[in-house]
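Hello,

Here is the structure I promised to pass on to you. My notes on its aromatic side chains follow below it.

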Amino acid sequence: MKTRSQTTPKPLNTVRLPPVESPRTRSRPKPKPETRKKGTLGDLRRPKKPPTAFFYFMEDFRKTFQEENPSVKAMQDVGKACGEKWNKMAFEEKVKYYDLATERRAEFEKAMAQYNKKKNGELSEESE
DNA sequence: CCTATGATTGTTTCG
DNA sequence: CGAAACAATCATAGG
């Protein structure tokens, strides 16, 4: 409605709705995905990001998928199936997962506050 | 034995 | 606002 002088009022629920269906706006040139996970154990300082709705969906889907496809064990195969179904999933069904992720993020915000705070002290107290 | 990579999409973070 | 990296999972590879 009408003009919104404010740029993105940033609703409290940021989300619950699926992000605009961007037509692949995320351009990922994927130049050299050599080390996507560099410090699996060394980046503990980085607050782990909250799992996305997609991951939550995977938890459920993974179990179901393995039951129907005991042959498939690697997530790579399941992941593909997940993505395919995820795109076809009904918005209402996804909302359920979005809602989960939304709550998880709230907690994550706190972790972020500490992270920012720690960042300052880290300079002095790097090793813990 | 340990570590990294593979794939999926959504979210996070900084300037 | 945009770009880039990262989030979990599990099987597999090599030294």
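**Aromatic contacts**

Phe61 and Phe65 are four residues apart in helix H1, which is about one turn of the helix. Both Phe61 and Phe65 are buried. Please keep in mind that this is a predicted model.

In total there are eight aromatic pairs in the structure. One of them is formed by Phe54 and Trp86: their ring centres are 5.7 Å apart and their planes meet at 85°, so this pair is edge-to-face. It connects distant parts of the chain, since Phe54 belongs to helix H1 (residues 53-68) and Trp86 to helix H2 (residues 75-88), with the two positions 32 residues apart in numbering. How exposed or buried are these two partners? Phe54 has a relative accessibility of 24%, so it counts as partly exposed, whereas Trp86, at 11%, counts as buried.

Back to the pair within helix H1: the rings of Phe61 and Phe65 have centres 5.5 Å apart and planes at 35°, so the pair is tilted. The cut-offs behind that label are 30 degrees, under which planes count as stacked, and 60, over which they count as edge-to-face.

These residues also belong to a wider picture. Ring pairs join Phe54, Phe55, Phe57, Phe61, Phe65, Trp86, Tyr97 and Tyr98 into a cluster. Trp86 has a charged neighbour as well: Lys94 lies over the face of its ring, at 5.4 Å from the ring centre.

Happy browsing, and best wishes

Definitions and conventions:
Residues numbered from 1 in each chain as written. Chains lettered and ligands numbered in written order. Predicted model: local features only at pLDDT ≥ 70, side-chain atom pairs only at ≥ 80, totals over all residues. Heavy atoms only, no water. Phe/Tyr/Trp six-rings, centres within 6.5 Å; stacked < 30°, edge-to-face > 60°. Buried < 20%, exposed > 50% of the residue type's maximum accessible area, 1.4 Å probe, protein only. Lys NZ or Arg CZ within 6 Å of the ring centre and 35° of its normal.
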